[in-house]
Structures are given as structure tokens and as C-alpha cells.
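This report is meant for someone meeting this structure for the first time. Please keep the sequence and the model in view while reading.

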Amino acid sequence: MLPPRLSLDRLSRRMLLHLGGGAGLVGATALTTWPGPSRGARAQASPPQHAHPGGTIVMPTVIGEVDHVANGFNPTDVLTDFDAGETSTLPNGQTLHDYQIVAVNKEIEIVPGIVYPAWTYNGRIPGPTIRVREGDRVRITFSNAGTHPHSMHFHGIHPGTMDGVFDPESGQIPPGAEFTYEFDAEPFGLHLYHCHTAPLAAHISKGLYGTFIVDPKDGWPKADREFVMVLSGFDIDFDGENDFYVVNGIPFHYDHSKHPIKIKVGELVRVFLVNILEFDQINSFHLHANFFHYYPTGTSRTPSEFTDTIAQMQGQRGILEFRYKYPGRYMFHAHKTEFAELGWTGVFDVEG
Ligand SMILES: [Cu+2]
């Protein structure tokens, strides 16, 4: 067994291959497709080890649970923990949403026994789901308790001084410093925020990103369920390639054997889907035994497509709406099977 909280700073993927069983990975595919030192080397890997502990493997998964309490967040809660901040009314009648966000280094147990030295907003991956209404005022007091300069760059329409890039005050907040971002929320839709400090790929892949939802002034049509799903990955040996692919921070969390997402037949389900995956060029979402209406960026009430699979490059996002006709257990996952087998998979458990 691996030590319970093993730092991965110096742990190579080759070592993990040898330790794979102890790290809790099961499923022949997870082991045999475990990334080698490079993508070129992977093709020359030794013959597959077809281990099938526990009988038939439906999909690769991991045995056991990560310590959600120590992590400080649970992906089941992240689905629905929409954060309106502290709200008040400004003299001009505008609603103000006040947020306190801290960048902090934090070790996150991403699969049992494997701890990743993350950089986080408020100690969680993804960061808080900021949800406001079109035209509201957003005020974010951002403090940097990390060890590198960081920033918050929001997607949306706002002044350059609030963009978190070039402006000397907002662009690079040094460790120990603070900056207040403030702007009107527009346009309505599904957006995101992330650190924009160089080297950008490192700052994003370490965990500094989150969802920014701007509801239309008159709201969306009523849904029975609303879920946030943030797609990303973890490069645990820092070689510029992902070793795990995730929804809401923890690989395999929503699997059928772990924490499937419970819904009911006929309910209107709305998924706010955001892709911030670093290193790989494209991500995807596929829904089993169903079709969904897709609203790219959430900026129109007219869906662009009625489909079961969509692709998103980094920074793209969109709203999915669907209802299940039949009870059952239905997978949702990247339709890039490598991503699915390395963690980006989940299940809707539909009750009749
Ligand atoms: Cu940063």
C-alpha cells in the first residue's frame, strides 16, 4: 500500500504503474492504459495485464474513498453549491454580491492514497460557483495566501482594469497581497474564471478555476435539477500531460459504485458544463440513452443542437437540458475513451 498521504512531487508515473494496485486503481483498462513517461512510449508498453478483481469490470474505477473532509470539498456538493455571496442593495438599487476568495496552496487527495499539491480558490477544486443575475454588481475581494503571484480573470464584459491581466494592480497579486475586482455582471450566460498569471498552463492545471453563472434578468425556464460540472485534469508528475481527467475535482466520483447522481424520470435536468482542461486540446461530453438540448455559452434561449455528444475546447462551456424517459443507470462521460478511463466518467441513477 502507498502511504496514506503520499506527496507526488517526486513520484513518477512509472512508479505508480508498479504501485497501481496499492493506489486503489482497478480495471484492466485503467492499468493497461496508464500513461507512460510520454505518449510515444505508451505505444510500446509491455503487454496488457488483464487483472479483473471482483469479476466483470464495467468501467475502470478506484477502490475506496478520498478524504473529502480533509480535502475541504465534496464533488457531490459541488454539483449544486451555487454561491450568491453576501448580497445587499446599492444606493442606485443594484444588487451587490460580495465574495471573499483566497488563493491557497492545498494538498488534495485525488484518488485514495494519491495527494496532489494543488493551488486552489478557497481550498477547493473547482473554486466557488459564483452565481448572480444579469446587471447585478459583483465585488470580489481576492487575497493571495499562496506562494506565487495569482489573479482572477473573469470571462464576461468588464473594464480592462478588472480583467486580471495587464493592469498592475489586478493582474498579478503577490503572495500576501489583496485586490478587489468589481464589475457589472454581463452578458447572461455560463462563464468561468481562472488565474491568468504566467506560466498560465501551470497556474490553471494546478487548480485555479471556477464557474461564473450570470442568470438572465427574468431567469431561465424552471428546471427540476441544476448541476454544475467543471471538466479538468491532473498532471501528477508535472510532465505537461494529464494523468487523471475529472468532473468537479475528483476522478471517478460519480461512478455507479460510488456516488451516482440521483434524478427522477421526467425531471428537467439542466447541466452547466465548463471545460477548463489544460494540456489536451479538446474535451467532450456524452450522455447515454438520451439526447439533450445544447445552449453554447448559455447566451441564447434557442438551443444550437439536439444531440447526445458535444465537444468543448478549453474555456468553452454550455448548458445542457434533458429529461430521462426510462428509469435506469446511465453513464455520462468524455467521448474520448482515454479520458473516461482515467477518471472523467459518471452515472445518472434515474428513478421511476
Ligand atoms: Cu495563479
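P199 has its place in the loop between β12 and α7 (200-205), and the peptide bond that joins A198 to P199 is cis, with omega about -5°. A cis bond is also found from E186 to P187, where omega is near -10°; P187 lies in the loop between β11 (178-184) and β12. These details come from a predicted model, and the wider picture of the chain is set out next.

**The chain as a whole**

The secondary structure of the chain comes to eight helices and 24 strands. Of its 352 residues, 42% count as buried. Among contacts between residues at least 6 apart in sequence, 70% join residues that are at least 24 apart. The mean pLDDT of the chain is 87, and 84% of the residues reach 70 or more, whereas over residues 1-48 the pLDDT is below 50, although this stretch has 79 contacts in the model beyond near neighbours in sequence. Where pLDDT is low, the predicted coordinates should not be read in detail.

**Two open sheets**

Strand β12, which follows the loop that holds P187, belongs to an open sheet of five strands in the order β4-β8-β13-β12-β10, with mixed pairing. The strands β4 (82-83) and β10 (153-154) stand at the edges of this sheet and have a single partner strand each, so one side of each is left without a neighbour in the sheet. Within the sheet, β12 (residues 189-194) and β13 (residues 209-215) run antiparallel and are joined by six bridges, and L192 stands opposite T211 in β13.

Another open sheet of five strands has the order β16-β24-β23-β18-β21, and its pairing is mixed. Its edges are taken by β16 (261-264) and β21 (309-313), each with a single partner strand, so one side of each is left without a neighbour in the sheet. From one strand to the next, the twist averages 25°. Here β18 (residues 282-287) and β23 (residues 328-333) run antiparallel and are joined by two bridges, with F332 in β23 as the bridge partner of L287.

**A hairpin**

Strands β6 and β7 form a hairpin with two residues between them, and G113 in the turn has a positive phi of about 90°. Eight bridges join β6 (residues 95-111) to β7 in an antiparallel arrangement, and V104 stands opposite T120 in β7. Strand β7 (residues 114-121) is mostly covered, for seven of its eight residues are buried.

**The nonpolar core**

Which residues touch the most other members of the largest nonpolar core? They are I110, M229 and F272, in a core of 84 residues. Domain 1 (80-215) and domain 2 (225-351) both give residues to this core, so the core lies between them. Not counting residues up to four places away in sequence, F272 touches L190, T211, I213, V228, M229 and I319; T211 is also the residue that L192 stands opposite in β13. In soluble globular proteins, nonpolar side chains tend to be buried together.

**Loop residues with a positive phi**

Two residues that are not glycines have a positive phi: F238, at about 55°, and T297, at about 60°. Their surroundings are set side by side below.

| Residue and phi | Loop | Other C-beta atoms within 10 Å |
|---|---|---|
| F238, about 55° | between β14 (225-234) and β15 (244-247) | 14, partly exposed |
| T297, about 60° | between β19 (292-296) and β20 (305-307) | 16, partly exposed |

**The end of the chain**

Is G352, in the segment after β24 (345-351), buried or exposed? G352 is exposed, because 9 other C-beta atoms lie within 10 Å, and a residue with 12 or fewer counts as exposed. Leaving aside its neighbours within four places in sequence, G352 is nevertheless in contact with V265 and P327. The C-alpha atoms of G352 and Y326 are separated by 7.1 Å, and these residues are 26 apart along the chain.

Definitions and conventions: Residues are numbered from 1 along each chain as its sequence is written. This is a predicted model: local features need pLDDT of at least 70, side-chain atom pairs count only at pLDDT 80 or more; totals for chains, interfaces and linings use all residues. Two strands pair if DSSP finds at least two bridges between them. Helices (H or I, at least four residues) and strands (E, at least two) are DSSP runs, numbered from the N terminus. A residue is buried if 20 or more other C-beta atoms lie within 10 Å of its own, exposed if 12 or fewer, and partly exposed in between; C-beta atoms are placed from the backbone. Two residues are in contact if their C-beta atoms, placed from the backbone, lie within 7 Å. pLDDT is the predictor's confidence in each residue, from 0 to 100. A nonpolar core is a set of buried Ala, Val, Leu, Ile, Met, Phe, Trp, Tyr and Cys residues joined through C-beta atoms within 7 Å. Domain bounds come from an automatic or database domain assignment. Axes are lines fitted to C-alpha atoms, for helices over the stretch in contact, and angles run from 0 to 180 degrees between N-to-C directions.
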